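Student: I would like a close look at one part of this model. Please take me through the side of chain B that touches chain A, and the strands that go with it.

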Amino acid sequence: MTRADPDAGSGGDALTRPFTPGMASNDPGLAELTETVAGRVDIEIVDRETREFVEEWRNASYNCYSSGHKFCREVCPVMQVTRNESWTPTAFHANVVAMERGELDVADVAADYVNCTQCGACELRCPNTLFTGDFYRFRTRTVDVVKAVRALAVDKGVHQPQWQSWNARTDERTHEPVLGEVAVSQDTVRDWAEGLDIPVGGETVLFVDCEAAFYRTSVPRAVAQILQRAGFEFGLMGEQWCCGGPAAEMGYVEQAKRFARHNLDNWRSTGTRRVLVLDPHDYISFTEDYPKYFGDEFDIEIVLVVELLAELLRDGRITPSVPVERTVTYHDPCRLNKRKGIWEEPREILRAIPGLSFTDVDRVTQWSYCSGGGGGLPVEKPDLTAAISARRVDAAATLGVDTLVSACPWSERPLSAAGDARDIDVVDIHELLAESLGITVGGSRGEVGDRRSAGGCGGGSCGGGGGCGS
Amino acid sequence: MNRTNGYRYGEQHTPPAPQRVSDVALTTFEHVYEVDPRLMERWVLQQTFPNWDSLRIMNARHDHLDWMHRHFAEKVLTGSELLAEVDAADSSPDS
C-alpha cells in the first residue's frame, strides 16, 4: 500500500500530496500548475480515410497502449493457440498508434486483423473495462477497433480473398453461403419451418440466422415448437435477409447497412414491433449495430429466445418432463456471456431438464473459452477455427462428459467437428429443451450431428421419434 | 398473453437520474458509480454507454472478484478488519 509522505503537508508543491481531481477540498495550488498532459503528435496523414479513422480510434487505442496490462493475452482464443504477438489485442491497438504517427498504413497490417473472433474476452478482462469502464463510461473497444480496421482496409481496396467472395455471394443471394456450393436464397429461407404452420408477419416475428435457417435447421424448429407449446404467438419475417452482422464484422459496412435497412423496413411493412432472436450473433447485430445505424428510429424490441424460454419455464408455461440421459457441460457462447453478460438463463434451462447430469464450468473461467466460430475467422482461416474448437472440446473432455451443449448455432458446426474426434456430441440447448418437452424436432443437426445421431442418436437427444437427421 | 423482457433502444439510452455521491462522482444504478461527466469533456471524451453495458461491466467485476477469491484467497478480510488491526497495533504499548 502506498503511504503519503507524512511530512509533506508542511512544504513542497500541491502535487506532493495525494489528491482526487476535482474535489472541492483540494489544495488551491493545484489550479495554478501548468498542464503537462502530452498533446497530439502533429504528423500529417495525407489520406483522408486513414486520418478520419485515426481521429476516431486514437483514444481507444492509447487506452490500451499506454496501459500495457496485457491481461487480455491469456483469455484471447487466437493467442492461446498461436502465440503470435502480432495477433494480440495489444498489437491491434498499437498498430493504430503507429498509424497515427505515420509508421504504418492499413495495407501493412490488414491481414493481421483477420485473426480475431470478436469474442470480447480481451475487452472484458482488461482492467480498463472491468475495473474502471463503467465508472468513466470509457472502456476497451478491441472488437470495434478490429471492425474499424477491417472496414478501413475494405475502403482502401485491401481485401481478404475469402471474405471478399463470401460477402459478394451474400450480397447476391441476400443470405450467407453457408451451404457452400448449394445455393441459398429467399425462396428457401423458410424451408426449415416446413409443416409447422407458422404465419408470416405479425407483431412478433422470429428471426432465424443464416446458419440455423439453412444448415442446423433443428435449432429453429426446436425454438418454434417450444414457443407453440407455450402458446406464444409469433410469425416469420416477410422477406428476411441476412442480418448484415457478418458483413459488418468483416469490414463490408455499406453492405451491412443496406441489409439492416431492408430488414428494418420489412419489419415495418408487416406491422412488426418485436423480433425474437435465437442466435447470439444476430442479437449483437440488432442491439449494437442497428442502434448505431438508426439511432432513435430503431424502435423495434429485441428479445433473446433463451431469455424468453427461461421466463416461460419460471411462469410454468413449459415444463420439461421427458428425461434426457446425458452427461453434459455448457459452452457459454462468447456473444452472450462475455459481450452481453447473459449466462444465468441457459443454466436455468439446463437445470430444469430431468435426467441430465450437468457439470458446469463457471462463466468467468469461460471468458477464456471460445469455439473459434465468430468474426469471420472460419471463412478466412478455417484451420485456426478448428484449433480453437479443438481446445474448447478438450476442456470439455476433461470433465468426462458425453455432450457439449451450446446456445449458438455458429459455434456448433466447428465444435461438432472437434467433438466428433473425441466422441463428444454437440447439441443446441433449444434442441435439448424441446426433447425434454417431448417434441419431435425434425430438421438437420448439420453434417456431423446428423451422422452421429443416425448411428443411435448419440445418447438419444436429437428430438426423439425419428426426428433426428430427417 | 405474450410477455417479453427485451432490448429497447429508448430504455437503454435513458439511465436513471444520477445521484451525487461526492464532488467528482455520481451513482445511477445500484452499485454503479460514475465520474462526473463534466470531468471528461476536454482530453478524453466519454463513450456512448447503453445501460446494459454499465450493468454488464459492474456485474462482471463482482463475478470476477468472487472468482479470484474462490481460487486464490484463503480467506477474505474486510477493510474495517484491517483498520482495526492497524489501530490495535498503533495503540499497543510496544508501538
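Tutor: Here is that side of chain B, with the sheet and the partner chain after it. Keep in mind that this is a predicted model.

Start with the contact itself. On chain B, 32 residues are in contact with 38 residues of chain A. Two elements of chain B, strand S3 (33-35) and helix H2 (51-72), each supply at least two residues of this side. H2(B) gives the largest share, 10 residues. Sorted by class, the side of chain B that touches chain A holds 15 nonpolar, nine polar and eight charged residues.

Now follow S3 into its sheet. In chain B, three strands make an open sheet, ordered S1-S2-S3, with antiparallel pairing. Strand S1 (19-20) and S3 of chain B are at the edges and have a single partner strand each, so one side of each lacks a neighbour in the sheet. S1(B) runs antiparallel to strand S2 (residues 25-27) of chain B, and two bridges join them. One residue pair to find is B:Arg20 and its bridge partner in S2(B), B:Leu26.

Then turn to the partner, chain A. Chain A has 22 helices and eight strands. Its radius of gyration is 25 Å, close to the 23 Å that the globule rule gives for 470 residues, so chain A is as compact as a globular protein of that length. Along the principal axes, the C-alpha atoms of chain A fill a box of roughly 85 × 50 × 45 Å. Of its 470 residues, 52% count as buried. Among contacts in chain A with a separation of 6 or more, 74% join residues 24 or more positions apart.

Definitions and conventions
Residues numbered from 1 in each chain as written. Chains lettered and ligands numbered in written order. Predicted model: local features only at pLDDT ≥ 70, side-chain atom pairs only at ≥ 80, totals over all residues. Helix = DSSP H or I, 4+ residues; strand = E, 2+ residues; numbered from the N terminus. Rg over C-alpha atoms; globule rule 2.2 N^0.38 Å. Buried ≥ 20, exposed ≤ 12 C-beta atoms within 10 Å, placed from the backbone. Contact = placed C-beta atoms within 7 Å. Nonpolar A, V, L, I, M, F, W, Y, C, P; charged D, E, K, R; others polar. Pairing = 2+ DSSP bridges.
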